[in-house]
Amino acid sequence: MHFRAVLVCALFMFTGAFFCTSAEPDNGKFLPTAEPFVTNHIYFELGGGLNLPLKFYTQGNVAMTDYGTNFFAGAGYNLSGWLLGLEFTHDQWGEGKGSYALMKNFKNNITEVRIRKIISKKTWDWLPSWLEIVPGLGSGINFITTDYYPSRHAKETGRVKSISLFSEGASCLVYDASLEFTANFGTDMLIPFAGIDYNAFYDTSIGGGIAGFGRVYLGLRAYPLGAVNDIKRLREKRKNKKVVVTEPMPEVTPEPEPIPEVPVQAPVEEVLPPELAILISPQQDFTPDGDGIFDTANIRPQLSHVTEPVSSWKVEILDPQKHTFKTWSGTGNLPDSISWDGTSDNGELVFSRNVYTVQVSATLSEKDAALAGASVITASSQITAGILMIEIIPDKQWKIIVNTIHFDPDRATFNKISPEQQKENNDTLDSIVRQIKQHGSVSILVEGYANNVTNTAREDREELIPLSTLRADTILELLVERGLNQSAISAKGMGGANPIAAWKDHDNWWKNRRVEFIVTKGDNE
């Protein structure tokens, strides 16, 4: 056994010394380069290792299982050093040993897309040629099977519940981050690697919970046509080692050449590259609520130093999360100005006190692109919405919607938020009070809203409504401190009711976490 190990090590060392260069396709840059699809960049890999105990954090920081094992297999394509692959992993844990460790037999069956980046000596010169560092991210679907004890008492009495494959709630999204170390020896036929990763998922099969676990694993990656890559590297190495020997040339004393007369040229007029800028009016306190004051924003693209008309253009409005909100586009010259009424392409209105980004891009002619050094030039600026008083009943009732009042996580306090968030809270509430006072004697209903992550009535009833009620009461007190009549203000926690973004629209969940102020004139007004 010892002789075989020594023989394998000696073979790896001989191979590494023979090629003396990094294995696996890699351009040494962060971004991939354009290249045609080649079959010798297809890889397969498999391996396995040790799983750390699984924990459900929403049920306490308790290890719910014993240590476990994993096995994985995958395939993918190497694009200039980016490993883009599809992988299947099977995890299995033994029964948890503690009294609160309620998992008897927990299994994951994960199918996921993984993206990893090879960092080799081509990227960091100080790395040894035989080592690669490969960080990565992945996301996919976890199909769960498990036997578990519903409670500590159930464990003591031996009552087990089972979740079989494809049962209701037994599949969920899973996310992982990994870091691998690859030992290559100049060949793509067999590449060993070691890695660690951490996985997280939200399991609903046993009532809901955020689960997480880590892995330590070993694996092998192979390119079926890796010999093509090996031969290519060998040829490049031999080519670099070639030395061209030539006979020394006899020394010849050159005759002095006459100095040519240099004609005097007229000064050349400086040619400036094309430039793009944006003017926005108003840039602050944009309030498209129909009251006739700053209801529209005027966006004026300023394109200068072009010699020919542009071929196409686009103007985009991005929301605070940098998602596309509104778009205009066309061909030919840029418009002198664009009037924006504050709505999105879907008819949604801007949020009060949110900051929106205006981006303009123009595709230049070939001549102007040569001067600019790019075929497309861009410019961006920002526009900030003020407090919108959205009319519900003409001259009787209005609504203000804001999502710029920040609280401590899962609290109705402000002890842990940043100084910037505290300032934003004060500015938002001061602006709201100024608007309300302009309407004379009114009644105000403060409604606090939250986002129902699990989309269940239990979360709404037990968590969101109590929390949003406390937060609405806190805002009521802050309005009174700013001079509003306490008897005219009421507060209500709405929990996850009346969502603006659908539950499946995860990118826009931030819109559901908001406060609404219903302002109503008195009957004697």
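**Notebook: salt bridges, cores and a five-stranded sheet**

I started with two charged residues and found both R221 and E24 buried. I am working from a predicted model, so every entry here describes that model.

**Entry 1. R221 and E24.** I checked whether these two side chains pair. R221 and E24 meet in a salt bridge, N to O, at 3.0 Å. I then looked up where they sit. R221 is in strand β10, residues 209–222. E24 is in the loop between α1 (2–19) and β1 (42–51). The two residues are 197 apart in sequence, and the pair links distant parts of the chain.

**Entry 2. The network.** I followed the salt bridges outward from this pair. R221 and E24 belong to a network that also holds E45, E87, R114, R116 and E180. I noted a general point beside it: side chains of opposite charge can pair when their charged atoms come close. Over the whole structure, I count 20 salt bridges from the search.

**Entry 3. E87 and R114.** I took one link of the network in detail. E87 and R114 form a salt bridge, with their closest N and O atoms 3.2 Å apart. E87 is in strand β4 and R114 in strand β5, so this pair ties together parts 27 residues apart in sequence. Are they buried or exposed? E87 has a relative accessible area of 6%, so I log E87 as buried. R114 has 4% relative accessibility and also counts as buried.

**Entry 4. D176.** I wanted to know what this acid does for a partner. D176 is in strand β8, residues 171–183. D176 is buried yet has no salt bridge. Which side chain of opposite charge is nearest to D176? It is R114, at 4.4 Å. The cut-off for a salt bridge is 4 Å, so a 4.4 Å gap does not qualify. Leaving out residues up to four places away in sequence, D176 touches E112, R114, G136, L137, G138, Y198 and N199.

**Entry 5. K97 and D66.** I looked at one more salt bridge. K97 pairs with D66, the closest N and O atoms being 3.8 Å apart. K97 is in the loop between β4 (82–95) and β5 (103–117). D66 is in strand β3, residues 65–79, and the two are 31 residues apart. K97 has 72% relative accessibility, so I log K97 as exposed. D66, at 23%, counts as partly exposed.

**Entry 6. The largest nonpolar core.** I turned to the nonpolar side chains. In soluble globular proteins, nonpolar side chains tend to be buried together. The largest nonpolar core here has 29 residues, and I317, W340, V358 and I383 touch the most other members. Seven strands each supply at least two residues of this core: β11, β12, β13, β14, β15, β16 and β17. β16 gives the most, with four residues. I listed the contacts of W340, again without residues up to four places away in sequence. W340 touches F286, D295, T296, A297, I299, I317, F325, K326, W328, V350 and I383. Apart from this core lies another, of 24 residues, M389, V402, I432 and I475 among them.

**Entry 7. The open sheet.** I traced five strands in the order β18-β19-β22-β20-β21, with mixed pairing. β18 (390–393) and β21 (489–495) are the edges; each has a single partner strand, so one side of each lacks a neighbour in the sheet. The twist averages 25° from one strand to the next. β18 pairs with β19 (residues 397–402) in the antiparallel sense over three bridges. In that pairing, the bridge partner of E391 is W398, in β19. Two helices pack on the sheet. α5 (residues 419–437) touches β19, β20 and β22, and its direction makes about 170° with that of β19. α6 (residues 457–481) touches β20, β21 and β22, at about 155° to the direction of β21.

**Entry 8. S468.** I picked a residue in helix α6, S468. S468 has a relative accessible area of 4%, so I log S468 as buried. Beyond neighbours within four places in sequence, S468 is in contact with G448, Y449, G493, M494 and G495. I also checked D410, 58 residues away along the chain; its C-alpha atom is 9.5 Å from that of S468.

**Entry 9. Totals.** The protein chain has six helices and 22 strands. Of its 525 residues, 42% count as buried. Among contacts between residues at least 6 apart in sequence, 67% join residues at least 24 apart.

Methods: Residues numbered from 1 in each chain as written. Predicted model: local features only at pLDDT ≥ 70, side-chain atom pairs only at ≥ 80, totals over all residues. Heavy atoms only, no water. Core = buried A, V, L, I, M, F, W, Y, C linked by side-chain atoms within 4.5 Å. Buried < 20%, exposed > 50% of the residue type's maximum accessible area, 1.4 Å probe, protein only. Contact = heavy atoms within 4.5 Å. Lys, Arg positive; Asp, Glu negative; His and termini not counted. Pairing = 2+ DSSP bridges. Axes fitted to C-alpha atoms, helices over the stretch in contact; angles between N-to-C directions.
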